[in-house]
Amino acid sequence: MKKFVRIMSVFAAACLILTALAGCGGNEKSKVYLIGCTGPLTGDASSYGISVKQGATLAVEEINANGGLEGVNFKFDMKDDKATAEDANTGYDALYDAGMKISLGGVTSGSCAAFAEKAAKDNIFVMTPSASAADVITKGDNTFRVCFGDPDQGILAAEELSKNFKKIGCIYDTSDPYSSGIYDAFKEKMAELKTEFTTKTFDKENNKDFSTQVEALKDCDVIFVPFYYTEAGLVAKTCVAKGVKAELFGCDGLDGIASQIDETVTNRIRYITPFDVASTDAKVSKFVSDYKEKYGTEPDQFAADGYDAVYAIYNAMKSAGVNDVSISASDLCDKIVEALTSSDFTYEGVTGKMTWDKSGAATKVPVIVELGK
């Protein structure tokens, strides 16, 4: 009998220890504000995910070094979604289980749409740095973005090109929501402006050889390329091979094209972006300097967007008077949304001055950057 009592006592003590340890583990989740995110850290789109991760990490480190929020630190965690919705769903679940209180959603539009659908059900706040497809911020009242929306860029491109060029060409990716979304808005605006242009297409199965498209547009003064810098770099090289001197004009996805071309490419290349790494603005200069010191390279627009997304959340939390780390993710979401959409809230970051309305869209002024200038 004594032996049985001893065994039961040991068992009870072990249970108490395990319960205490589990409690400590649970409490660890509530000692920081965990900002979750998914993005491509491997694969063809990995540069975007890595840039956002590095920009967001730099912001979190700066905030924590300055005392966090009411003495509570932030933690940032990005899961690799390989730019797929399936992996974004898996990443979301892991982050939710880890105690995610707020998020940057996903980096690319397809992944972010999947992430946002889950976040809407749990009422977790989303501030995507770079998912620009129009439908991303329609998943719920909790989803916002820092970057321009695709339609905004298509409209701006149409206005810029119709004003300055006579012979206008366009190449776009029919298989990519980012490219197609920009193109649709561009086409609609060009029709409104009564400006003619010639269109050629490609898709994800045929994105390595642009000889046919460039040859067809060889007489154009400008070629609109609303897709990512990897394919745009190939278009630029094909222009050289074909002797085509047209300007290449793109959107924020072109940030990074400098890494894809060399001095043989002499075509003028311009693109719409919210961020100019060469800006003399004090805030931008400091960000660029700090980023280079930490990572050994200059930041691109995606890094700047990641940095601003974190600071926008932080400032909204400050404005909302958040001072209890044990607040539920849902209650925190409601407070952030109310603060962000108030008439007196403005955030001025490295990608410009921003305000938000209940649609989740950011109102900001774009910059048109010329490569090498």
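**Notebook: helix α5, the sheet and the aromatic pairs**

I began with helix α5, where I found D150, Q153, G154, A157, A158, E160 and L161 to be buried. I note at the outset that I am working from a predicted model. I then looked up what lies over these buried residues of α5, and the cover includes β6, α6, β8, β9, β10 and β14. The spacing of the buried positions made me recall that an α-helix has 3.6 residues a turn, so residues three or four places apart point the same way.

I also checked the length of α5, which runs over residues 150-164. Its 15 residues should span 21 Å at 1.5 Å a residue, and because the end C-alpha atoms are 22 Å apart, I take expectation and model to agree.

**The sheet**

Several of the strands covering α5 recur in the next entry. I traced an open sheet of six strands, with mixed pairing and the order β7-β6-β8-β9-β10-β14. At its edges stand β7 and β14 (367-370), each of which has a single partner strand, so one side of each is left without a neighbour in the sheet. From one strand to the next, I find that the twist averages 20°.

Within this sheet I looked at one pairing in detail: strand β9 (residues 247-250) and strand β10 (residues 269-273) run in the parallel sense and are joined over three bridges. Here L248 stands opposite I269 in β10. I then turned to α6, which packs on the sheet and touches β6 (168-173), β7 and β8, with its direction making about 150° with that of β6.

**Aromatic pairs**

How many aromatic pairs does a search of the whole structure find? I have 24 in my list. One of them is Y48 with Y228, whose ring centres are 4.9 Å apart and whose planes meet at 50°, so I enter the pair as tilted. This pair links distant parts of the chain, since Y48 is in helix α2 (residues 46-65) while Y228 is in the loop between β8 (222-225) and α8 (229-242), 180 residues away. Are these two tyrosines buried or exposed? Y48 is buried at a relative accessible area of 4%, and Y228 is also buried, at 19%, where the cut-off is under 20%.

Next I took Y183 and F197, which form an edge-to-face pair, with 6.3 Å from centre to centre and 70° between the planes. Y183 lies in helix α6 (residues 177-192) and F197 in the loop between α6 and β7 (198-202), so the pair ties together parts that are 14 residues apart in sequence. Y183 is buried, with a relative accessible area of 7%, whereas F197 counts as partly exposed at 22%.

I also noted a cluster in which ring pairs link Y33, F74, F275, F287, Y291, Y295, Y307, Y311 and Y314.

**Two lysines**

For K364, I found that the charged end sits over the ring of F148, 5.7 Å from the ring centre.

My last entry is on K75, which I place in strand β2 (residues 74-80). With a relative accessible area of 47%, K75 is partly exposed. Leaving aside neighbours within four places in sequence, I find K75 in contact with V32, Y33, L34, I35 and V60. I also looked up the separation between K75 and T57, which are 18 residues apart along the chain, and their C-alpha atoms are 8.4 Å from each other.

Note on methods
Residues numbered from 1 in each chain as written. Predicted model: local features only at pLDDT ≥ 70, side-chain atom pairs only at ≥ 80, totals over all residues. Heavy atoms only, no water. Phe/Tyr/Trp six-rings, centres within 6.5 Å; stacked < 30°, edge-to-face > 60°. Helix = DSSP H or I, 4+ residues; strand = E, 2+ residues; numbered from the N terminus. Buried < 20%, exposed > 50% of the residue type's maximum accessible area, 1.4 Å probe, protein only. Lys NZ or Arg CZ within 6 Å of the ring centre and 35° of its normal. Contact = heavy atoms within 4.5 Å. Pairing = 2+ DSSP bridges. Axes fitted to C-alpha atoms, helices over the stretch in contact; angles between N-to-C directions. Expected span 1.5 Å × (residues − 1).
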